[in-house]
Amino acid sequence: MGILFKNGTVITASDMVKADVLVEGEIITHIGRDLNATGHEVVDCSGKYLMPGGIDVHTHLDLPFGGTYSNDDFDVGHKAAAFGGTTMHIDFVIQPIGGSLHDGLAIWRKKAQPAQIDYGFHLAITDLRDEVMDEIPSLVDEGITTLKLFMAYKNVYQVNDTTLFKAMQKAAQNGMMVMVHAENGDVEAELTPALVAAGKTDPKYHAQSRPPEIEGEATNRAVVMSGLTGCPLYVVHMTCEQSIDALRRGRAQGYPVMGETCVQYFHLTVDDHLAQPGFAGSKFVCSPPIRSTHDHAVLWQAVRDGTLQVVSTDHCDFWYEGGVGPWKEWEQAHNGGDWATFEAQDPSYRRPGKELGKGNFAKIPNGMPGLEDRMMVIWTSGVNTGRISPSRFVELNCTNPAKIFGMYPRKGTIAIGSDADLVVWDPNKEHTISVETHHMRCDYNVYEGMAVTGMPVQVYQRGNKLVDGDQWYGKNGAGKFVPRTPYAPVL
Ligand code: URP
Ligand code: ZN
Ligand code: ZN
C-alpha cells in the first residue's frame, strides 16, 4: 500500500501540471493522470499545489555565539521548519579553535539528535593549520562537500585572505565548494569601537558599523579568488547592491560564482526595524545588517534575473529578553553548554539573548528567526505579487539548493525515484504570522502581524507525514543525515 496524492497541481522548477503522485515506501514511484487508487491511502489535493519539501541551506541551530547559544536546537528547530514546509536543512559545523574539523563534526552530530527532518552539514573552518588542510578531503567521504569561511567576526571566526585562498585551492582539487560570509571584518573592527566611543551604542548603529561597501568589497575579493582558483564559490546572505554587482561581474566573466539572499533582506529595513525605539531594534540585529527598500528591489531583481540562485534564512534566533537565572555560573559548572537540560530542571531559566547588548550594540548576539516563515513569506511577497512564478519559487527554495549542494534529484524535486519529501500547499489559506502561533523557540517574530496567503497544510518526509494542519505527526528521531556528492553543478 502506498500514498496517492490525488487531484493536485504539481509544481516543479520547470512545470506546473495537474497530476497524481504515488509514493511507495520512502520514494515517489509514479506520476500521472488519474492514477488508480485501489489499495492506496489517498490524500486529496483538490485545489492545492503539491511541491517538493523546502530546503534551507543556511541555518544555525544551537550555535555558540556572542556569549550564548542560538535558541532553536535540532529538535525544536526541525519541527518549526516542517510547519513552514521545510523538510531539509544544512547547518554549519564550527571547527573549534585548536581542534580538528572532525572535532567540530562530532559536536554537531551529537547536537543533531534527535533529528525530526533530514539534514546535512557544512564545515566552517576557523583555524586552517597544515593538518587541518590535510583533513579536508576526508570530509567528502563523509558526505560533506562544502566549506564555509568567515571574512568577518574578527578574533572570533574570521580568517585571513591567505587562508581563504588556500582553502579554495584545496576545495577545487576535491570537487568541493567554498561558501563565504562576505564582509570586511578588519574594517568593521575599526568602525565599531569608534561608534561606541562616540556614544552611538543603540542597535541601529550596528548598520553603520557594517556598511554595504564592506560587504561589496569582501564579495568582490572572494569572487576574484574564485576566478583565480576555479573553486566554486557561494556567497551567503547577500543584502545589497554593492555585493550583487560584484557577483554579477564575476558571473559575466565566467567565474563559478553563485549567491543566496535570505528572506529578511527582502522585507526589513534599518529605518522601520533596526531603529525602533529603546532596545527593540536588537531583535533585528544580524550580520550583514538589514538594509533599505532600494536594496530590497535590487535583490528581487537578482532572484528574477538569475544572479542569485537561492533564498535561505540564516536562521539563528536568540531570546529578546532572556537572562533569567545564574547563567554564567551554570555555564562554567556545566562545561559550557547543555542548556536544554538546565532549562528542563528550572523552567523559569532562560539562556541569555539579545539583552547581552543593552548599552552596546556590538554585544548583541547576531541573528534572527526565519526557518518556519521563509516559504509562506516569500510566496506572499514573491508569487502573489507576480515578482516570481510558482516554478521560480520552487527553484529558489527547493530545487537549486538540492542541485548546488549535491543532493539532486534525490531531494528538491518531484520525480520518479526522488525522496517523497512533499508539501501540500494551499494557495488560498490565509494566516497572520505571530509569535503566538509560531513553533520556533523565540519570544518574537520579525514578521509579526504580516498577513500571508498561501501556506503548507500537509508536509511529508520520505513518505511519512510530519504535519497536518497544526498537528505534529513525525516519529521522534526519524530525520536522517543526507550525505552529499562532490562536483555539484554551478548554476
Ligand atoms: O547575524 C548572523 N548572520 N548570525 C549568524 C552567523 C552568520 O554570520 O551567519
Ligand atoms: Zn554569516
Ligand atoms: Zn549564517
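Which residue just after α7 takes a positive phi? Select Gly230: its phi is about 75°. Keep in mind throughout that this is a predicted model.

**Helix α7**

Step back from Gly230 and select residues 212–229, which form α7. The helix has 18 residues, and at 1.5 Å a residue they should span 26 Å. Draw a distance between the end C-alpha atoms: they are 26 Å apart, so the expected span and the model agree. Now colour the buried positions of α7, among them Ile214, Ala218, Arg221, Ala222 and Met225. Glu215, Ser226 and Thr229 are buried too. An α-helix has 3.6 residues a turn, so residues three or four places apart point the same way.

**The zinc site**

Next, select the zinc ion (ligand 2). His181 coordinates this ion through ND1 and His237 through NE2, at 2.1 Å. These two histidines come from distant parts of the chain, 56 residues apart. His181 sits in strand β12 (residues 177–181). His237 is in the loop between β13 (233–235) and α8 (241–252). Both His181 and His237 are buried. The site of ligand 2 has four donor atoms, with angles of 57 to 151° among them, and is irregular. Add the zinc ion (ligand 3): 3.7 Å separate the zinc ion (ligand 2) from this second ion.

**Ligand 1**

Finish with ligand 1. The residues around ligand 1 include His181 and His237 again, along with His58, His60, Phe150, Cys286 and Asp314. Look for three contacts to oxygen atoms of ligand 1:

- Tyr153: a side-chain N or O atom at 2.6 Å.
- Ser287: a backbone N or O atom at 2.8 Å.
- Gly367: a polar backbone atom at 3.4 Å.

Taken alone, ligand 1 exposes 260 Å², and the protein buries 99% of that.

Conventions:
Residues numbered from 1 in each chain as written. Chains lettered and ligands numbered in written order. Predicted model: local features only at pLDDT ≥ 70, side-chain atom pairs only at ≥ 80, totals over all residues. Heavy atoms only, no water. Helix = DSSP H or I, 4+ residues; strand = E, 2+ residues; numbered from the N terminus. Expected span 1.5 Å × (residues − 1). Buried < 20%, exposed > 50% of the residue type's maximum accessible area, 1.4 Å probe, protein only. Donors = N, O, S within 2.8 Å, 3.2 Å for Na, K, Ca; no water. Tetrahedral: all angles 85-135°; square planar, octahedral: opposite > 155°, others 65-115°. Near = heavy atom within 4 Å. Polar contact = N/O pair within 3.5 Å; in protein donor to acceptor, adjacent residues only side chain to side chain. Areas by Shrake-Rupley, 256 points an atom, 1.4 Å probe, with all protein chains shown as cover.
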